[in-house]
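The following exercises are to be worked with the sequence and the model side by side. Each task is followed by a solution in steps.

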Amino acid sequence: MEKTQTDFINKLGIGAFTYISISEFCGLIEYLFENVLIIAGTKPITTIWLPEIMSLFLFTIIVVWGIKKYNRPIEIDTRKTLKSLITIFFGILILQFLFSYFGTDFLMEKYSTEFENYAKANKGSLMLRGYLSFLPILQFVILGIILLINKKTVANNVYN
């Protein structure tokens with residue numbers, strides 16, 4: 001009984017840390033891509049929308065790839081997997097911190113004109129940023145749809 005309960009908690013942790021790790025990784029890539037677009041002098045509206053859409057697309061690709069790769073019921077060491085995912089999650093958080101702490105200051109100093117131009121041109125886009133707040137909700141919708149579609153596939157593989 002205790003092993004089953006521990007295994008369930010580990011699997012719940014695996015799912016949670018997988019989701020937040022993928023989400024944080026996509027957020028890191030989005031932030032890096034946004035900085036690249038600012039440095040490249042891309043139009044502010046493009047710099048606002050493109051990283052968000054790219055992050056959503058990357059999230060979807062990673063989730064679909066992960067489900068296809070691990071779509072067969074296999075025995076795993078849930079404790080070891082959970083520890084690995086926690087380590088990956090904190091590694092991503094450290095990378096985010098390091099880039100935002102060191103990288104942003106460096107880029108803003110080196111490309112100050114580009115960042116100033118972006119900030120000036122971006123002042124009127126507050127409403128647009130409000131609309132973009134719906135994209136993380138879209139991540140949950142996409143994840144739910146993918147899981148519901150693949151639920152049938154996993155069930156069919158178990159019983160065949």
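**Exercise 1. The nonpolar surface patch**

Which helix gives the largest share of the nonpolar patch? Identify the members of the patch and then characterise F134 in this predicted model.

*Solution.*
Step 1. The patch consists of Y131, F134, I137, L138, V141, I145 and I149, and its area is about 680 Å².
Step 2. Helix α6, spanning residues 135–159, supplies the largest share, with five residues.
Step 3. F134 is located in the loop between α5 (126–132) and α6.
Step 4. The relative accessibility of F134 is 52%. Exposed requires a value over 50%, so F134 is classed as exposed.

**Exercise 2. The overall architecture**

Determine how many helices and strands the protein chain has, and describe its contacts and its surface.

*Solution.*
Step 1. The count is six helices and zero strands.
Step 2. Along the sequence, these elements give the pattern α-α-α-α-α-α.
Step 3. The protein chain has 160 residues, and 29% of them are buried.
Step 4. Among contacts with a separation of 6 or more, 85% join residues 24 or more positions apart.
Step 5. The exposed area of the protein chain is about 11,300 Å², of which carbon and sulfur atoms supply 69%.

**Exercise 3. The largest nonpolar core**

State which residues of the largest nonpolar core touch the most other members, and trace the core back to the helices.

*Solution.*
Step 1. The core holds 18 residues, and those touching the most other members are I22, I48, F59, V63, L143 and I146.
Step 2. Two or more residues are given to this core by each of α1, α2 (44–69), α4 (112–121), α5 and α6.
Step 3. Helix α2 provides the largest share, five residues.
Step 4. For one of the core residues, I146, the contacts beyond four places in sequence are T60, V63, V64 and I67.

**Exercise 4. Two buried positions, S55 and L135**

Establish whether S55 is buried or exposed, do the same for L135, and locate the two positions relative to each other.

*Solution.*
Step 1. S55 belongs to helix α2, whereas L135 belongs to helix α6.
Step 2. The cut-off for buried is under 20% relative accessible area. S55 has 5% and is therefore buried; L135, with 14%, is buried as well.
Step 3. In sequence, L135 and S55 are 80 residues apart, while their C-alpha atoms are 9.4 Å apart in space.
Step 4. With neighbours within four places set aside, S55 contacts C26, G27 and E30.
Step 5. On the same basis, L135 contacts E52, I53 and L56.

**Exercise 5. The salt bridge**

Find how many salt bridges the whole structure contains, and explain how the partners are placed in the sequence.

*Solution.*
Step 1. A search of the whole structure gives one salt bridge.
Step 2. D7 and K11 form a salt bridge, with 3.5 Å between the closest N and O atoms.
Step 3. Side chains of opposite charge can pair when their charged atoms come close.
Step 4. D7 and K11 lie four residues apart in helix α1 and are therefore separated by about one helical turn.
Step 5. D7 has 23% relative accessibility and is partly exposed; K11, at 48%, is also partly exposed.

**Exercise 6. Polar residues in buried positions**

Which side chain makes a polar contact with the side chain of T104? Describe the surroundings of T104, then those of E34.

*Solution.*
Step 1. T104 is part of helix α3, residues 78–110. Its relative accessible area is 11%, so T104 is buried.
Step 2. The polar contact is with the side chain of Y31, at 2.6 Å.
Step 3. Not counting residues up to four places away in sequence, T104 touches Y31 and F99.
Step 4. E34 is placed in helix α1, residues 2–40. E34 has 18% relative accessibility and therefore counts as buried.
Step 5. When neighbours within four places in sequence are left aside, E34 is in contact with T47, P51, Y118 and R129.
Step 6. For one of these contacts, T47, the separation from E34 is 13 residues in sequence and 6.0 Å in space, C-alpha to C-alpha.

Notes
Residues are numbered from 1 along each chain as its sequence is written. This is a predicted model: local features need pLDDT of at least 70, side-chain atom pairs count only at pLDDT 80 or more; totals for chains, interfaces and linings use all residues. Side-chain values use heavy atoms; hydrogens and water are left out. Buried means under 20% relative accessible area, exposed over 50%, partly exposed in between (1.4 Å probe, protein chains only). A polar contact is a pair of N or O atoms within 3.5 Å; within protein, one must be able to donate a hydrogen and the other to accept it, and residues adjacent in sequence count only if both atoms are side-chain atoms. Contact means heavy atoms within 4.5 Å. Patches are made of residues with over 30% relative accessible area and no salt bridge: like charges are joined within 9 Å, nonpolar side chains (Val, Leu, Ile, Met, Phe, Trp, Tyr) within 5 Å. Accessible areas come from the Shrake-Rupley method with a 1.4 Å probe; for residues, only the protein chains shown count as cover. A salt bridge is a side-chain nitrogen of Lys or Arg within 4 Å of a carboxyl oxygen of Asp or Glu. A nonpolar core is a set of buried Ala, Val, Leu, Ile, Met, Phe, Trp, Tyr and Cys residues joined through side-chain atoms within 4.5 Å.
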